[in-house]
Amino acid sequence: MGRFKITDIDNEIFYQIPKSLFTNENYKGLGLDAKVIYSFLKDRMELSRKNNWKDENGDIYLLFTQEEIANLLDVSVSTISRAMKYLKEYDLIEVVRQGLSKP
């Protein structure tokens, strides 16, 4: 990538990972892959907000398949599935299956 110009910085778009995933003892043992996936999911919330994707309780939901995440990270779906399992175990996400071939 090389060097950056001062004007290049404003044009960058970033995924954000909450610092608490690294500093909070409750998340000790949560792998880096799960933390990165969590940042993808947090980023996807903006799309959900724009589309008003919320349930009857007003809770926002995401439409994001494990295949899409695997493609973004260039890893296998089984790697994503394992990381998502950890995110559920650490109570960072809740997964609700929509049915055959739906996210």
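The buried residues of helix H3 pack against two other helices, namely H2, which covers residues 32–50, and H4, which covers residues 77–89. The model in which this packing appears is a predicted one. The protein contains 4 helices and 0 strands, and read from the N terminus its elements follow the order α-α-α-α. The points below start from H3, take up the helix pairs one by one, and then turn to the loops and to two individual side chains.

**Overall dimensions and burial**

- Along its principal axes, the C-alpha trace of the protein extends over about 45 × 35 × 25 Å.
- The protein has 103 residues, of which 23% count as buried, a class that requires a relative accessible area under 20%.
- When contacts in the protein are taken between residues at least 6 apart in sequence, 46% of them join residues that are at least 24 apart.

**The buried face of H3**

- Helix H3 spans residues 66–73, and within this stretch Gln-66, Ile-69 and Ala-70 are buried.
- Viewed down the axis of H3, these buried residues fall within an arc of 100°, and they therefore line one face of the helix.

**H3 against H4**

- The axes of H3 and H4 come within 8 Å of each other and cross at roughly 110°, which means that H3 is roughly perpendicular to H4.
- The crossing of H3 and H4 is right-handed, and the residues that form the contact of H3 with H4 divide into 6 nonpolar, 2 polar and 1 charged.
- On the H3 side the contact involves Gln-66, Glu-67, Ile-69, Ala-70 and Leu-73, and these meet Val-77, Ile-80, Ser-81 and Met-84 in H4.

**H2 against H4**

- H2 and H4 pack with their axes 9 Å apart and at an angle of about 85°, so H2 is roughly perpendicular to H4.
- H2 contributes Asp-33, Ala-34, Ile-37, Tyr-38 and Leu-41 to this contact, while H4 contributes Thr-79, Ile-80, Ala-83, Met-84 and Leu-87.
- Sorted by class, the contact of H2 with H4 comprises 8 nonpolar, 1 polar and 1 charged residues.
- Ile-80 and Met-84 of H4 take part in the contact with H3 and also in the contact with H2.

**H2 against H3**

- The axes of H2 and H3 come within 11 Å and cross at roughly 115°, and the crossing in which H2 passes H3 is right-handed.
- The contact is built from Val-36, Ile-37, Phe-40, Leu-41 and Arg-44 of H2 together with Glu-68, Ile-69, Leu-72 and Leu-73 of H3.
- By class, the contact of H2 with H3 holds 7 nonpolar residues, no polar residues and 2 charged residues.
- Ile-37 and Leu-41 of H2 appear in this contact with H3 and again in the contact of H2 with H4, whereas Ile-69 and Leu-73 of H3 appear in the contact with H2 and again in the contact with H4.

**Positive phi values in the loops**

- Asn-52, which is found in the loop between H2 and H3, has a phi near 55°, a positive value in a residue other than glycine.
- Asp-74 follows just after H3 and takes a positive phi of about 60°, and its place is in the loop between H3 and H4.
- Asp-74 is also not a glycine, and Asp-74 is exposed, with a relative accessible area of 70%, a value that meets the requirement of over 50% for that class.

**Two partly exposed side chains**

- Phe-22 has its place in helix H1, which is made of residues 20–23, and Phe-22 is partly exposed, with a relative accessible area of 45%.
- If residues up to four places away in sequence are not counted, Phe-22 touches Ile-17, Leu-32 and Lys-35.
- The C-alpha atoms of Phe-22 and Gln-66 are separated by 23 Å, and the two residues are 44 residues apart along the chain.
- Lys-85 lies in helix H4 and is partly exposed, with a relative accessible area of 46%.
- Lys-85 and Lys-42 are 17 Å apart in space, C-alpha to C-alpha, and 43 residues apart in sequence.

Conventions:
Residues numbered from 1 in each chain as written. Predicted model: local features only at pLDDT ≥ 70, side-chain atom pairs only at ≥ 80, totals over all residues. Heavy atoms only, no water. Buried < 20%, exposed > 50% of the residue type's maximum accessible area, 1.4 Å probe, protein only. Arc of directions from axis to C-beta. Contact = heavy atoms within 4.5 Å. Axes fitted to C-alpha atoms, helices over the stretch in contact; angles between N-to-C directions. Parallel < 35°, antiparallel > 145°, perpendicular 65-115°, else oblique. Left-handed = near helix turned anticlockwise from the far one by under 90°. Nonpolar A, V, L, I, M, F, W, Y, C, P; charged D, E, K, R; others polar.
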